[in-house]
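Welcome! Take a moment to look over the sequence and the fold before reading on.

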Amino acid sequence: MTEVTPLDSESTGSTGSTGSAAALRVMVVDDHPMWRDAVERDLAAAGHQVVAVAATGDEALARFPAARPQVVVLDLQIPGPSGVEVAAEVLRVDPSARVLILSASGEQADVLAAVKAGATGYLVKSASRAELLAAVAAVAAGDPVFTPGLAGLVLGEYRRLSDTPADDPADGHPELTERETEVLRMVAKGWSYKQIAERLVLSHRTVQNHVQNTLRKLQMHNRVELTRWAIERGLDDDE
């Protein structure tokens, strides 16, 4: 059985979810009717509101603005635009939305393309119903969630890229507070918000606020970008 893990260089086996979660507004995008219907039923049975479904990239982009889902459960292999293109566009329209990829592919190129487009999580379709629901709740809270093996792949790619200096749009960024830097170090190590909150004896909401403040100061859009930025500066190294 597939076990969902947080974005972590060493898998903890945690889902990054706190268990039962509040109802969420979710959009499901998949060109296979039986699979799309099954995901929609599972989400509805768990108390979530499926505000839109789509079978193609064009349908997804047309329905997203009015539906305003908090989470988009998105297949990569859909009739154009591709899932990667859809992810990038919906996050451009609404940066507060979260994208969870649910794909038959676990290929490195597909995973990295999705993450670079802004996806917060990536599951292969062998995931169970419980794992899917846990992942939806986790990404809605801002915690990256990946099928085992894929989290290490993503962090490994960030570390590889960090070996090649590039122009940094965040040069001259406002100084972070001591607490923001402390939280950022844990983010860079792949810790979930729940794990950070427990270690620092803070509420989950306070940790989220620190991350949001850091994103705003650095002019970034999501935690994935922030993780790469932190790794490039060695903040994932043990002090």
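The report below walks through a few strands, an annotated residue and some unusual backbone spots.

## A strand with two neighbours

Please keep in mind that this is a predicted model. A good place to start is strand S6, which spans residues 121-124. Gly-121 and Leu-123 point one way from this strand, while Tyr-122 and Val-124 point the other way. Whichever way they point, all of these residues are buried.

S6 has a parallel partner in strand S5 (residues 98-103), and four bridges join the two. Within this pairing, Leu-102 sits opposite Leu-123. Strand S7 (residues 145-146) also pairs with S6 in the parallel sense, here over two bridges. Tyr-122 has Phe-146 of S7 as its bridge partner.

## Two crossovers

Helices link these strands into β-α-β units. S5, helix H4 (residues 108-116) and S6 form a right-handed one. Moving on from S6, helix H5 (residues 129-140) and S7 complete a left-handed unit.

## The annotated aspartate

Asp-75 carries the UniProt annotation "modified residue: 4-aspartylphosphate", which comes from an unreviewed entry. You will find Asp-75 in the loop between strand S4 (71-74) and helix H3 (83-93). Is Asp-75 buried or exposed? Its relative accessibility is 3%, and because buried means under 20%, Asp-75 counts as buried.

What surrounds it? Leaving aside neighbours within four places in sequence, Asp-75 is in contact with Val-29, Asp-30, Asp-31, Gly-83, Leu-102, Ser-103 and Lys-125. Leu-102 in that list is the residue that stands opposite Leu-123 in S6. Closer along the chain, the side chain of Asp-75 reaches the backbone nitrogen of Gln-77 at 3.5 Å.

## Unusual backbone spots

Most peptide bonds are trans, and most residues other than glycine have a negative phi. Against that background, a cis peptide bond joins Gly-80 and Pro-81, with omega at about -10 degrees. Pro-81 lies in the loop between S4 and H3, where Asp-75 is also placed.

Two residues that are not glycine have a positive phi: Arg-68, at about 45 degrees, and Val-201, at about 55 degrees. Arg-68 belongs to the loop between helix H2 (57-67) and S4, and Val-201 to the loop between helix H8 (193-200) and helix H9 (204-218). How do they sit relative to the surface? Arg-68 is partly exposed, with a relative accessible area of 40%. Val-201 has a relative accessible area of 72%; because exposed means over 50%, Val-201 is exposed.

Notes
Residues are numbered from 1 along each chain as its sequence is written. This is a predicted model: local features need pLDDT of at least 70, side-chain atom pairs count only at pLDDT 80 or more; totals for chains, interfaces and linings use all residues. Side-chain values use heavy atoms; hydrogens and water are left out. Buried means under 20% relative accessible area, exposed over 50%, partly exposed in between (1.4 Å probe, protein chains only). Two strands pair if DSSP finds at least two bridges between them. A crossover is right-handed if, with the strands pointing away from the viewer, the path from the first strand over the helix to the second runs clockwise. UniProt positions are given in the numbering used here, feature names are shortened, and annotations may be inferred rather than shown by experiment. Contact means heavy atoms within 4.5 Å. A polar contact is a pair of N or O atoms within 3.5 Å; within protein, one must be able to donate a hydrogen and the other to accept it, and residues adjacent in sequence count only if both atoms are side-chain atoms.
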